Amino acid sequence: MVVVHPALPPLPIRPEAWEWLQRSGVRVVVRDPTSRRGGGYWWPDRKLVDLFTAQEEAAIHELAHAWWHERRLQGTNAADLMVACVKLSEEKHPRYARARELARHYVYGIPTQPDPQSPTGWWMGMFVGGNGGGLDWEVYAGLASGVMGNLALLPPYIRRFYEELFDPPVRDLPPAEEIALRDGRRVAVRLADPDDAAAIWRLIDTVARERRYLRMPAADWGVEGEWRWLVGLEERGGFMLVAWDGDRAVGWVDIVPAAGLSRHTGELGMGVHPDYRGVGLGTALLARALDRARALGLEKITLGVRAPNAVARHLYERFGFVVEGEFSGQIKDGAVYENEVRMALWLGDRPPLV
Ligand SMILES: CC(C)(COP(=O)(O)OP(=O)(O)OC[C@H]1O[C@@H](n2cnc3c(N)ncnc32)[C@H](O)[C@@H]1OP(=O)(O)O)[C@@H](O)C(=O)NCCC(=O)NCCS
């Protein structure tokens with residue numbers, strides 16, 4: 001947070017960014033410090049952030065203009081921002097609802113908003129020619145003030161344009177449950193959040209690279225792929241629980257409902273970091289995931305386990321999972337084939353089958 005003018009409240013701007021702006025000659029004036037009605041200009045030739053009143057939103061907006069002014073001409077930054085804005089307009093997660101709404105306005109305009117300058121008579125947004133077209137600088141400042149500089153409200157592919165300007169995201173995490181492991185260490189277990197993507201990806205990648213337990217040899221989808229998966233999880237009605245030792249993710253379990261007429265079933269995946277195995281964490285995670293699945297109304301949990309993975313099979317059996325089938329040679333790593341064992345657990349009574 002920095003104070004850029006005595007009339008304004010502290011703004012969520014990084015001190016280094018404010019220093020840079022000042023070093024490059026940017027000044028802030030507030031015409032009427034007694035009002036908060038808003039409005040302002042960025043005057044590039046005078047390097048002036050000219051605020052009509054002491055409104056925080058206008059200050060963030062005009063300072064974002066000042067910051068983006070020369071950055072937009074570096075490499076393909078301006079075009080990259082426009083592409084990211086189109087992507088943002090399709091984002092469904094409720095976390096990004098405000099940013100998405102703005103992005104949709106910028107991309108598609110607002111047919112109900114009159115604009116005498118526009119050939120259609122309505123405001124056509126920031127992308128379509130005929131009323132300026134290609135206004136990346138307004139997109140940049142509009143998103144900045146639209147989320148009031150809170151990076152948590154922007155997906156990573158657009159957040160990256162703002163990361164050096166605004167403070168780190170303010171995280172509003174789901175409640176955690178502390179669990180004592182058998183060796184005395186304590187971990188916190190909570191639902192995964194999209195902003196956990198990097199830590200979760202590192203954990204899954206570590207387990208995948210052991211090459212013995214998971215279906216993939218590495219988590220080659222990367223951090224953004226992990227984020228995308230977490231964001232889609234809620235929409236699909238699934239969840240992931242993660243165990244944390246400080247800011248290190250050390251275990252996970254996820255259950256994702258299947259589609260269509262298998263919607264009453266959920267597929268389970270899990271893993272524990274090698275340094276935390278054999279001390280009860282897998283058991284604790286699985287118990288909580290099954291409780292949650294039951295509470296969500298799922299009836300049957302399914303999973304696939306590599307046939308030689310005796311520890312995992314033992315754990316699942318202890319919770320009542322039974323083998324429902326075996327796919328021969330389903331796993332092939334180099335020249336080595338393994339069977340995949342399909343296991344399942346009915347959470348209530350198994351229904352009569354036809
Ligand atoms: C399978 C896995 C999730 C289990 O988690 P964990 O935290 O190690 O398990 P726990 O400490 O809760 O122990 C679970 C059971 O396995 C047994 N077990 C644990 N490690 C064992 C080992 N090395 N050898 C034999 N049994 C072992 C435990 O004794 C316990 O059984 P019990 O309660 O009957 O005594 C974990 O080992 C793992 O991440 N493995 C690699 C990834 C993986 O296999 N994922 C599942 C893919 S289907």
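**Exercise 1. Which loop holds Lys47?** Then describe its backbone and its exposure.

*Solution.* Work on the predicted model shown above.
- Step 1: place the residue. Lys47 sits in the loop between strand S2 (40-43) and strand S3 (48-53).
- Step 2: read the backbone. Lys47 has a positive phi of about 50 degrees, and it is not a glycine.
- Step 3: recall the general rule. Most residues other than glycine have a negative phi.
- Step 4: count neighbours. Lys47 has 14 other C-beta atoms within 10 Å, so it is partly exposed.

**Exercise 2. Where does Arg211 lie?** Treat it in the manner of the previous exercise.

*Solution.*
- Step 1: Arg211 belongs to the loop between helix H7 (197-208) and helix H8 (222-235).
- Step 2: the phi of Arg211 is near 65 degrees, a positive value in a residue other than glycine.
- Step 3: Arg211 has 13 C-beta neighbours inside 10 Å, so it counts as partly exposed.

**Exercise 3. How do H7 and H8 pack?** Give the geometry, then the contact.

*Solution.*
- Step 1: take the general description. Two packed helices are described by the angle between their axes and the distance between the axes.
- Step 2: apply it. The angle between H7 and H8 is about 110 degrees, and their axes are 8 Å apart.
- Step 3: classify. Angles of 65 to 115 degrees count as roughly perpendicular, and H7 and H8 are therefore roughly perpendicular to each other.
- Step 4: list the contact. H7 brings Ala197, Ala198, Ile200 and Trp201, which meet Gly222, Val223, Glu226, Trp227 and Leu230 of H8.
- Step 5: sort by class. The contact of H7 with H8 has 7 nonpolar, 1 polar and 1 charged residues.

**Exercise 4. How many residues of H5 are buried?** Name them, and find what covers them.

*Solution.*
- Step 1: count. In H5, 9 of the 11 residues are buried, so the helix is largely enclosed by the rest of the structure.
- Step 2: name them. The buried residues of H5 are Asp136, Val139, Tyr140, Ala141, Gly142, Leu143, Ala144, Ser145 and Gly146.
- Step 3: find the cover. It includes helix H2 (56-71), helix H3 (77-88), H4 and helix H6 (156-159).
- Step 4: look just past the helix. Met148, just after H5, takes a positive phi of about 55 degrees.

**Exercise 5. At what angle do helix H4 and helix H5 pack?** Classify the pair and describe its contact.

*Solution.*
- Step 1: H4 (residues 97-108) and H5 (residues 136-146) pack at about 155 degrees, with their axes 10 Å apart.
- Step 2: angles over 145 degrees count as roughly antiparallel. H4 and H5 are therefore roughly antiparallel to each other.
- Step 3: the crossing of H4 and H5 is right-handed.
- Step 4: from H4, Arg98, Ala99, Leu102 and Tyr106 meet Val139, Gly142, Leu143 and Gly146 of H5.
- Step 5: by class, the H4 contact with H5 has 5 nonpolar, 2 polar and 1 charged residues.

**Exercise 6. At what angle do the axes of H2 and H5 cross?** Classify this pair too.

*Solution.*
- Step 1: the axes of H2 and H5 cross at roughly 140 degrees and come within 8 Å.
- Step 2: that makes H2 oblique to H5.
- Step 3: H2 and H5 cross in a right-handed sense.
- Step 4: H2 contributes Glu57, Ile60, His61, Ala64, His65 and Trp68, and H5 contributes Trp137, Tyr140, Ala141, Ala144 and Ser145.
- Step 5: the contact of H2 with H5 has 7 nonpolar, 3 polar and 1 charged residues by class.

**Exercise 7. Which residues come nearest to the ligand?** Then break down the shell.

*Solution.*
- Step 1: of the 20 residues around the ligand, Tyr213, Val272, Arg277, Gly282 and Thr283 come nearest.
- Step 2: the elements that give two or more residues to this shell are strand S10 (265-272), helix H9 (281-295), strand S11 (300-306) and helix H10 (310-318).
- Step 3: H10 gives the largest share, 5 residues.
- Step 4: by class, the shell has 11 nonpolar, 7 polar and 2 charged residues.

**Exercise 8. Is Thr112 buried or exposed?** Add its element and its distance from Ala312.

*Solution.*
- Step 1: Thr112 is part of strand S4 (residues 110-114).
- Step 2: a residue with 12 or fewer other C-beta atoms within 10 Å is exposed. Thr112 has 7 C-beta neighbours inside 10 Å, so it counts as exposed.
- Step 3: Thr112 and Ala312 lie 58 Å apart in space, C-alpha to C-alpha, and 200 residues apart in sequence.

Terms used. Residues numbered from 1 in each chain as written. Predicted model: local features only at pLDDT ≥ 70, side-chain atom pairs only at ≥ 80, totals over all residues. Near = placed C-beta within 6 Å. Helix = DSSP H or I, 4+ residues; strand = E, 2+ residues; numbered from the N terminus. Nonpolar A, V, L, I, M, F, W, Y, C, P; charged D, E, K, R; others polar. Axes fitted to C-alpha atoms, helices over the stretch in contact; angles between N-to-C directions. Parallel < 35°, antiparallel > 145°, perpendicular 65-115°, else oblique. Left-handed = near helix turned anticlockwise from the far one by under 90°. Contact = placed C-beta atoms within 7 Å. Buried ≥ 20, exposed ≤ 12 C-beta atoms within 10 Å, placed from the backbone.
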